[in-house]
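Colleague: I would like a close look at a single part of this model, with the surroundings described as far as they help to place that part.

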Amino acid sequence: MIPCLNKKLFGVECPGCGIQRSLSLVIHGEFTAAFKMYPAIYLLILLFTFIGLNFFFKFKNSNKIISILAITSIITIILSFIIKKII
């Protein structure tokens, strides 16, 4: 795994810490553990899958769908980061 540069330099986790491990857990079929590691993983997978599919097949209202998925992902990342820092 690639180490987090922010954590290495400043000793503080960033909002993206855990995404690599979570993706690895998804690939290995450990879906619950992946969600616990990084709650936004499934939203991000859905977002990037939709963007990839939209590249080949143009969907109606694709900009709106991408915007909603992106905003929901960002909110989930921020909330999970705050909760992780509080607990």
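Which residues make up the largest nonpolar core?

Modeller: Please keep in mind throughout that this is a predicted model. The largest nonpolar core consists of eight residues in all, namely Leu-25, Val-26, Ala-34, Tyr-38, Ala-40, Ile-41, Leu-44 and Ile-77, and the elements that give two or more residues to this core are H2 and H4. As general background, nonpolar side chains in soluble globular proteins tend to be buried together.

To set the core in its context, the protein has five helices and zero strands, and read along the sequence these follow the pattern α-α-α-α-α. The C-alpha trace spans about 45 × 25 × 25 Å along its principal axes, and of the 87 residues in the protein, 22% are buried. Among contacts between residues at least 6 apart in sequence, 30% join residues at least 24 apart.

One member of the core, Ala-34, can be followed through its neighbours: leaving aside residues up to four places away in sequence, Ala-34 touches Ser-22, Leu-25, Val-26, Ile-41 and Tyr-42. Leu-25, Val-26 and Ile-41 of that list also belong to the core.

The two helices named above as contributors meet directly. Helix H2, which covers residues 19–27, packs against H4 at an angle of about 80°, and the two axes lie 10 Å apart; at that angle, which falls between 65 and 115 degrees, H2 is therefore roughly perpendicular to H4. On the H2 side the contact is made by Ile-19, Ser-22, Leu-23 and Val-26, and on the H4 side by Ile-41, Tyr-42, Leu-44 and Ile-45. Sorted by character, the residues of this contact comprise seven nonpolar, one polar and no charged. Val-26, Ile-41 and Leu-44, which take part in this contact, are also members of the core.

Helix H4 (residues 41–56) packs as well with helix H5 (residues 62–86), here at an angle of about 160° and with the axes 9 Å apart. Because the angle is over 145 degrees, H4 and H5 count as roughly antiparallel to each other, and H4 passes H5 in a left-handed crossing. The contact is made from H4 by Leu-43, Leu-44, Leu-46, Leu-47, Phe-50, Ile-51 and Asn-54, and from H5 by Ser-62, Ile-65, Ile-66, Leu-69, Ala-70, Thr-72, Ser-73, Thr-76 and Ile-77. These residues divide into 11 nonpolar, five polar and no charged. Leu-44 and Ile-77, both listed in the contact of H4 with H5, belong to the core too. Leu-44 also takes part in the contact of H2 with H4.

Two further residues help to fill in the surroundings of H5. Asn-61 lies in the loop between H4 and H5 and has a positive phi of about 60° although it is not a glycine; with a relative accessible area of 49%, Asn-61 is partly exposed. Lys-84, in helix H5, is likewise partly exposed, its relative accessible area being 36%. Apart from residues up to four places away in sequence, Lys-84 touches Glu-13 and Cys-17, and its C-alpha atom is separated by 9.6 Å from that of Pro-15, although these two residues are 69 residues apart along the chain.

Definitions and conventions
Residues are numbered from 1 along each chain as its sequence is written. This is a predicted model: local features need pLDDT of at least 70, side-chain atom pairs count only at pLDDT 80 or more; totals for chains, interfaces and linings use all residues. Side-chain values use heavy atoms; hydrogens and water are left out. Axes are lines fitted to C-alpha atoms, for helices over the stretch in contact, and angles run from 0 to 180 degrees between N-to-C directions. Helices (H or I, at least four residues) and strands (E, at least two) are DSSP runs, numbered from the N terminus. Angles under 35 degrees count as roughly parallel, over 145 as roughly antiparallel, 65 to 115 as roughly perpendicular and the rest as oblique. A crossing is left-handed if the near helix is turned anticlockwise from the far one by less than a right angle, and right-handed if clockwise. Contact means heavy atoms within 4.5 Å. Ala, Val, Leu, Ile, Met, Phe, Trp, Tyr, Cys and Pro count as nonpolar, Asp, Glu, Lys and Arg as charged, and the others, Gly among them, as polar. A nonpolar core is a set of buried Ala, Val, Leu, Ile, Met, Phe, Trp, Tyr and Cys residues joined through side-chain atoms within 4.5 Å. Buried means under 20% relative accessible area, exposed over 50%, partly exposed in between (1.4 Å probe, protein chains only).
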